[in-house]
Amino acid sequence: MSQSTDLQHLHSALRLITEIRARSGKLLQNVADGMAVKHGDENKEKRFLSELKTLLDGVSGQIGELEQTLNNQPPISNPLPLGQSVYLSLDTAIDSIPIYQNLVSSYRWLDKTHEYASSAAGFLGQNSLNRSIGKVSKNRRRPNTSHTAPPKSVTLDRILKAILIFKGLMIEWVVVKGFNEESTKPDGSLDVWSDSKYQVFQRITENANAAMLNFQSPLYPELGVKSFMTYLHSFLKLFTEKCKKCGYHLHNNIPPTWREFKTLEPFHEDCRP
Ligand SMILES: [Zn+2]
């Protein structure tokens with residue numbers, strides 16, 4: 001049923017209520033006044049009672065009409081009892097009338113958004129390359145139950161150490177630091193979040209994360225880990241090997257921190273092929 005028809009029903013119901021109030025008021029007033037001069041001298045009881053009956057019939061007829069109108073009023077589709085805010089809908093101030101409507105419509109939008117997000121999460125979940133970082137969960141309160149091994153620290157000669165976080169056989173996160181840098185927190189656990197204080201290892205951290213994604217193989221995860229370890233191993237000559245493009249070791253005071261993924265040849269960031 002259209003909104004205008006709903007409003008018409010509401011208008012006629014309100015009009016009927018006003019009329020019922022007026023007629024009932026008149027009826028009660030007549031009862032209170034009792035018999036009066038207007039009823040004449042003869043059969044005045046009969047005239048008085050007849051007048052009351054007419055008024056009562058009028059009131060009861062209109063009550064019947066009101067019931068009819070309310071029965072025709074369709075129930076509000078899918079009522080949304082939004083907690084205490086439902087009382088906003090009872091506020092008669094003109095300014096307040098749209099508030100509850102807007103609230104209900106926003107709530108419905110939010111509900112739809114949740115629904116679409118759940119469907120999207122379902123599709124994303126089918127992608128085996130997905131990572132638990134930023135993972136969408138249908139239920140936000142549910143903890144991430146995917147298996148995550150405790151972080152591992154890998155040391156490469158006296159050059160660098162890398163902290164790796166594995167999810168099963170997939171590498172999730174890499175942090176590279178200098179060989180002499182602190183990599184544990186005061187409680188003895190590995191510090192997986194703080195960056196190296198050296199620019200060179202910050203660059204390598206960024207590049208290693210890119211390499212980790214590049215080498216990842218959903219079908220052969222162990223091959224991905226192996227390729228990544230080979231990549232990491234190529235930094236053994238970080239402070240001795242020259243850039244393949246410019247032929248210099250230092251560029252902006254930084255050695256070649258980029259490794260070409262296939263050949264593992266060293267390049268400065270600015271000299272990348
Ligand atoms: Zn270069």
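Start with a helix pair in this predicted model. Asn207, Ala208, Ala211, Met212 and Phe215 of H4 make contact with Gly224, Ser227, Phe228 and Tyr231 of H5. By character, the residues of this contact split into six nonpolar and three polar, with no charged ones.

Now look at how the two helices lie. H4 covers residues 199–215, and H5 covers residues 221–233. Their axes are 9 Å apart, and the packing angle is about 150 degrees. Angles over 145 degrees count as roughly antiparallel. H4 and H5 are therefore roughly antiparallel to each other. Their crossing is right-handed.

Step back to the whole chain. The chain holds five helices and five strands. Along the sequence, the order is α-α-α-β-β-β-α-α-β-β.

Next, go to helix H1, which spans residues 3–33. Arg21 is one of the residues in H1. Is Arg21 buried or exposed? Its relative accessible area is 66%. The cut-off for exposed is over 50%, so Arg21 counts as exposed. Arg21 also has a partner to check along the chain: Val59 is 38 residues away in sequence. The C-alpha atoms of Arg21 and Val59 are separated by 8.7 Å.

Contacts across the sequence can also be counted for the chain. Take the contacts with a separation of 6 or more: 46% of them link residues 24 or more positions apart.

Finish with burial and surface. The chain has 273 residues, and 30% of them count as buried. About 18,900 Å² of the chain is exposed. Carbon and sulfur atoms supply 57% of that area.

Terms used
Residues numbered from 1 in each chain as written. Predicted model: local features only at pLDDT ≥ 70, side-chain atom pairs only at ≥ 80, totals over all residues. Heavy atoms only, no water. Axes fitted to C-alpha atoms, helices over the stretch in contact; angles between N-to-C directions. Helix = DSSP H or I, 4+ residues; strand = E, 2+ residues; numbered from the N terminus. Parallel < 35°, antiparallel > 145°, perpendicular 65-115°, else oblique. Left-handed = near helix turned anticlockwise from the far one by under 90°. Contact = heavy atoms within 4.5 Å. Nonpolar A, V, L, I, M, F, W, Y, C, P; charged D, E, K, R; others polar. Buried < 20%, exposed > 50% of the residue type's maximum accessible area, 1.4 Å probe, protein only. Areas by Shrake-Rupley, 256 points an atom, 1.4 Å probe, with all protein chains shown as cover.
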